[in-house]
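Please look through the structure below with its side chains switched on. The report that follows takes up charged pairs, aromatic rings and nonpolar cores.

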Amino acid sequence: MEDVLLQVQNLTFAYRESAVLKDINVTIHRGEKIAVMGANGAGKSTFFLHLNGVLHQDEGTICLAGRQIQKKTETKLRQKVGYVFQDADSQLIASNVRAEISFGPMNLGLSQKEVKKRVEEALNYMDLEDLAERPPHYLSGGEKKRVSIADILAMEPEILLFDEPMAALDPFNASRVEQILWNLHEEGKTLLIATHDVDFAYRFADRIIVFAEGSILADGDPFDLFHNTDMMEQAHLKAPAMMTVWEALRTANLVTQSLPYPTTLSQVVEAVKAMEAMEERGL
């Protein structure tokens, strides 16, 4: 299929004879926004490191746009699949923000003119112009996170991997990062986001992949997955708050049963308005 960007087949990886990933099969389509969930140690980060070409599988294949990736072509995978680490400090290496963002494009062998263009675009996109000459390690947590995202955007990857992008951020900066993710999706980027935040996953993702002990436990629609109580218990997940509240309202007959489940507060408001309109029409 033309819209298939990445295809992972029978991927297996062991670290010091301990199996970390076991027979992973995933197909990622262009424009998807996917939440990758599971308990600590379930294999999420290791999975991402394979998608980005940092680690090489013991068995199985990874195909990028229909072409199988070999060890000698893993550089191509790193160019097309950008990885934003959970800990921004582990990603930041340069003396100032501008130099930090230019590091990736320079390693691609681009012209000086193209590097400068990409850096300026990334600075502007992430609202970092005023911080361009500042040392990144002296920035706030939210600012570091935006720099680490700008690092990857300047590489112009087709797929973006985010490992717990809102971890350790205050509510303002977490909301700001979430809006950046929405913007990237609207611009056609393909996003995979490892997260423990079930509320974020419920309102943001159109697909959820759940890992457990190195295997994929579930892969599908968020609504269906969060209603699978056996899977949720096995993966140590809980139902999103918005779903729990809405089901309580349905049980108490305070909302019309036929209304779709909302994922955000604004959708709750719209649902209540729709219910009032139905009552006025005597439906």
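## E133, R98 and E120

E133 counts as exposed in this predicted model. Its relative accessibility is 54%, and the cut-off for exposed is over 50%. The side chain of E133 meets that of R98 in a salt bridge, at 2.9 Å from N to O. E133 lies in the loop between α4 and α5, while R98 lies in helix α3, so the pair ties together parts that are 35 residues apart in sequence.

R98 also forms a salt bridge with E120. Here the closest N and O atoms are 2.3 Å apart. E120 belongs to helix α4 (residues 112-125) and R98 to helix α3 (residues 97-107), so this pair ties together parts that are 22 residues apart in sequence. R98 counts as partly exposed, at 29% relative accessibility. E120 is partly exposed too, at 33%.

## Other salt bridges

Side chains of opposite charge can pair when their charged atoms come close. How many salt bridges does the structure hold? The count is 14.

One of them joins E121 and K117, at 3.1 Å from N to O. Both residues lie in helix α4. They are four residues apart, about one turn of the helix. E121 is partly exposed, with a relative accessible area of 39%. K117 is partly exposed as well, at 39% relative accessibility. Elsewhere, salt bridges link R30, K80 and E158 in a network.

## R146, a charge without a bridge

R146 sits in helix α5 (residues 141-153). Is this residue buried or exposed? R146 is buried, yet has no salt bridge. The nearest side chain of opposite charge is D127, 4.3 Å away. A salt bridge needs nitrogen and oxygen within 4 Å, so R146 and D127 do not make one.

R146 still has contacts beyond its neighbours within four places in sequence. These partners are M126, D127, L128, R176 and I180.

## Aromatic pairs

The structure holds eight aromatic pairs. F200 and F204 form a stacked one, 5.1 Å centre to centre, with 15 degrees between the planes. The two residues are four apart in helix α7 (residues 198-204), which means that about one helical turn separates them. Both F200 and F204 are buried.

F223 and Y261 form an edge-to-face pair. Their centres are 4.8 Å apart, and their planes are at 70 degrees. F223 lies in helix α8 (residues 222-226) and Y261 in the loop between α10 (241-251) and α11 (265-280), so the pair ties together parts that are 38 residues apart in sequence. F223 counts as partly exposed, at 30% relative accessibility.

Ring pairs also build a cluster. Its members are F47, F48, Y83, F85 and F211. F204 has a charged partner as well: the charged end of K33 sits over its ring, 5.8 Å from the ring centre.

## Nonpolar cores

Which residues of the largest nonpolar core touch the most other members? They are I101, L128 and F162, in a core of 32 residues. Several elements each supply at least two residues of this core: α3, α4, α5, β7 (159-163), α6 (171-186), β8 (190-194) and α7.

F162 is in contact with F48, V84, I149, L181, L184, L191, L192, I193 and A194, leaving aside neighbours within four places in sequence. A second, separate core has 28 residues. Among them are I24, L64, I69 and Y83. Y83 is also part of the ring cluster.

## T263 in its loop

T263 lies in the loop between α10 and α11. That loop also holds Y261. The relative accessibility of T263 is 19%. The cut-off for buried is under 20%, so T263 counts as buried.

What does T263 touch, not counting residues up to four places away in sequence? Its partners are Y202, R203 and M242.

Technical notes
Residues are numbered from 1 along each chain as its sequence is written. This is a predicted model: local features need pLDDT of at least 70, side-chain atom pairs count only at pLDDT 80 or more; totals for chains, interfaces and linings use all residues. Side-chain values use heavy atoms; hydrogens and water are left out. Buried means under 20% relative accessible area, exposed over 50%, partly exposed in between (1.4 Å probe, protein chains only). Lys and Arg count as positive and Asp and Glu as negative; His and the chain ends are not counted. Contact means heavy atoms within 4.5 Å. Rings of Phe, Tyr and Trp (its six-membered ring) pair if their centres lie within 6.5 Å; planes under 30 degrees apart count as stacked, over 60 as edge-to-face and the rest as tilted. A charge sits over a ring if NZ of Lys or CZ of Arg is within 6 Å of the ring centre and within 35 degrees of the ring normal. A nonpolar core is a set of buried Ala, Val, Leu, Ile, Met, Phe, Trp, Tyr and Cys residues joined through side-chain atoms within 4.5 Å.
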